[in-house]
Amino acid sequence: MAYGKNINKILYGGDYNPEQWPPEIWQEDMRLMKKAHISIVTLNTFSWAALQPSEDVYCFDTLDRIMELVKENGLKVCMATSTGAHPAWMAKRHPDILRTESDGKKRRFGGRHNSCPNSPSYRHYAAKLAGKLAERYRDFDNIAAWHVSNEFGGECYCENCEKAFQAWLKERFGTIAELNRVFDTSFWGHTFYDWDEVVLPDLRSEHFIADGRERTMFQGITLEYRRFMSQSMLDCFRLEYQEIKKFMPDVPVTTNLMGFYKPLNYQKWAKEMDFVSWDSYPAPSDTPAQTAMQHDFMRGIKNQESFVLMEQTPSVTNWQPYNKLKRPGQMRLLSYQAAAHGADAIQFFQIRRSVGACEKFHGAVIDHAGRDDTRVFRETAALGEELERLGDVFLEGRTPAETAVLFDWDNWQALENSAGPSILMNYMDAVTDYYTAVFELNVPADIIGADDTFDSYKVLIAPLLYMTKAGLDDKIRSFVNRGGIFITTYFSGIADEHDLVIPGGYPGNLKDILGIWVEENDALPEGEENCFIYKGKMYPARILCDLMHLQGAQALSVYEEDFYQNTPVITKNQYGKGCAYYVGTRSNQEFYSSFMEDIFKEAGAAKTMVTPKGVEAAVRVKDDREILFLLNHNAGKESVVMNHDYMDLLNGTEYPAGALAELNGRDVLILQKLFRLTNIPIV
Ligand code: GLA
Ligand code: ZN
């Protein structure tokens, strides 16, 4: 539930680094923040070197002053622990803290996110610092949350990691015989006789570079290493978490995640975090659906609870090849899009723009001019004022989704480790195909994991479900049996949780549910395609064409070309009270839209509203309130016909059903559904 019970408004603010500035500036910052309606600052993100200048010396003077200052000014604090970058002296005295890259290169001091997660020195000093901070600031009741480290990520291949990996394998598999089985080491005579013969899969062992990517010759061990590395970092998070809780047990603890970030299994991480927070930096070319999908994923990893938008830029980033300005209104639009998908706080990186190093051209609420009459400042302040007026109107509101998209981290890893059938197979692309269709139809969707319950949904879409872990097939079976509609695609049901193929024909344990048997997969090189007709229209079949036999299912479409012409490509199987669809190839967005439209008709799943292309309608439900966000992602004016009585929460305008609401380019309307036309307070 994001910042917790005591917070009754949408907190607004961002990363504030006063330690980079002389104290004379701080008072001015306070004035400007007040003017921008800022209510929370994330402090102390990268101050380890200042807080601990050597082994046993800790120095909190500057932070003490900053904490007093922000408290006096009525600001809440999201308190970071500073362990995202270690001090130089620590790297010199304890070189085990430095990471080793996949090619064996030991890093020297520099950069950030630079500590080996299995370094005893790192674990010791990071946890100690978190504990010291919590002990020192425990009486500050304006601390709304703790923010461990910063954007955990990357990987390490050092000797400490290798030893820890061997211990992890022993713990997971118990016997060498089982280890050899799950890694299928009889292939190429890789049989292990002792745990310490296992080396990390990296560029010195099983990995190689091809097509610009690090590939692997042994999929099982690489998958297991990824699981291990994600867990190693999660253990670091937990060590700090435990230290903080010793002193401040009631204050929630988080760390800032990064959306679909492949190295870490956030579906596991979220279980250890009190609430999810994440940093959203859409590229200018990202579609509204792609941004929404990230929010839905972040909401989904913690039981669909609301999250904190920990960072976004008020204007530009510095790290993209072309750092295009957010257009007037775009920051507001993206902020409300986050809110529409579950954000309960809106925060920026950063409050004041730094003067040195690589982020000096990153956007900030207060830029180098230091003025409050810039476009960015004005837009920030205007949004702050609006959010203040909205109060708690959608706080903790839920998304009323009857559709779920399955996204499984292990499947992502395993699928893209695969050697063959095609390097063009990309899990994110496959999920995006279906999500975009759902999004553009304004059908609310949750993104869920394989361990979540499927019970509350009518439609479950599992694109490219290559890996079916033990028990997943049974969950799908009972979902369909009791009336659900299940959709999966080409190259699904292939492998088990160790990435070992399930023998007996594809799609493995899903065959009976889908009523098909896939015999071969034809990987078409870029530019080549087959095609099929669906509901009278021709669509392309790309990347992979599954060649299949019907075993109870009916064919909805067949391939039009090649030696497998007239064989099924899209199938439907009645199973129990429900049915299961198999889409045996990758097509285009037009197909996915038309296909999903039909599925929703069949399922009786409601659209939030019918809107012009580029206008999103998303809903959050809180108690008996239904808040509708109408978001015009287009640069030009659009109008929407209301399907119910609504009232604009910002200006009180009422829209009876059938009325036309006009939205300027990039404008947003925040509307409350009216069940009676009186007694609704205007905020
Ligand atoms: C990340 C980090 C911040 C900052 C921003 C810049 O999200 O957490 O410290 O570097 O990127 O975009
Ligand atoms: Zn290491």
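**Cis prolines, odd backbone angles, a covered helix and a pocket**

Pro 421 sits in the loop that runs between helix 13 (409-417) and helix 14 (427-440). In this predicted model, the peptide bond leading into that proline from Gly 420 is cis, with omega near -5 degrees. Another cis bond turns up between Tyr 506 and Pro 507, where omega is near -10 degrees. Pro 507, too, is a loop residue, placed between strand 15 (485-489) and helix 16 (511-514).

The backbone holds other points worth a look. Asn 44 is not a glycine, yet its phi is positive, near 70 degrees. The residue belongs to the loop between strand 2 (40-43) and helix 2 (48-51). Asn 44 has a relative accessible area of 3%, so it counts as buried. Lys 535 also carries a positive phi without being a glycine, in this case about 50 degrees. Its loop links strand 17 (530-534) with strand 18 (537-550). Here the side of the cut-off is the opposite one: Lys 535 reaches 62% relative accessibility and is therefore exposed, the threshold for that label being over 50%.

Back at helix 13, just ahead of the loop that holds Pro 421, the picture is one of cover. Nine of the nine residues in helix 13 are buried. They include Trp 409 and Trp 412, along with Ala 414 and Leu 415. Side chains of other kinds are on the buried list as well, among them Asp 410, Asn 411, Gln 413, Glu 416 and Asn 417. As for what does the covering, the buried residues of helix 13 pack against strand 6 (213-216), helix 8 (219-247), helix 9 (266-272) and helix 14. Helix 14 thus appears both as a packing partner of helix 13 and as the element on the far side of the Pro 421 loop.

Then there is the matter of open space. The largest pocket has a volume of about 1000 Å³. It is lined by 41 residues, and those closest to its centre are Arg 112, Glu 151, Glu 311, Trp 319 and Glu 359. Helix 2, strand 9 (277-279), helix 10 (288-300) and helix 14 each give two or more residues to this lining. Helix 10 makes the largest contribution, with four residues. Sorted by class, the lining comes out at 16 nonpolar, 17 polar and eight charged residues. Two of the contributing elements have already come up: helix 2, which follows the loop of Asn 44, and helix 14, against which helix 13 packs.

Methods. Residues numbered from 1 in each chain as written. Chains lettered and ligands numbered in written order. Predicted model: local features only at pLDDT ≥ 70, side-chain atom pairs only at ≥ 80, totals over all residues. Heavy atoms only, no water. Buried < 20%, exposed > 50% of the residue type's maximum accessible area, 1.4 Å probe, protein only. Contact = heavy atoms within 4.5 Å. 1 Å grid on protein atoms, 1.4 Å probe; cavity = no way out; pocket = protein on both sides within 12 Å on 5 of 7 lines; lining within 4 Å. Points joined across faces, edges and corners; volume = space filled by probe spheres on them. Nonpolar A, V, L, I, M, F, W, Y, C, P; charged D, E, K, R; others polar.
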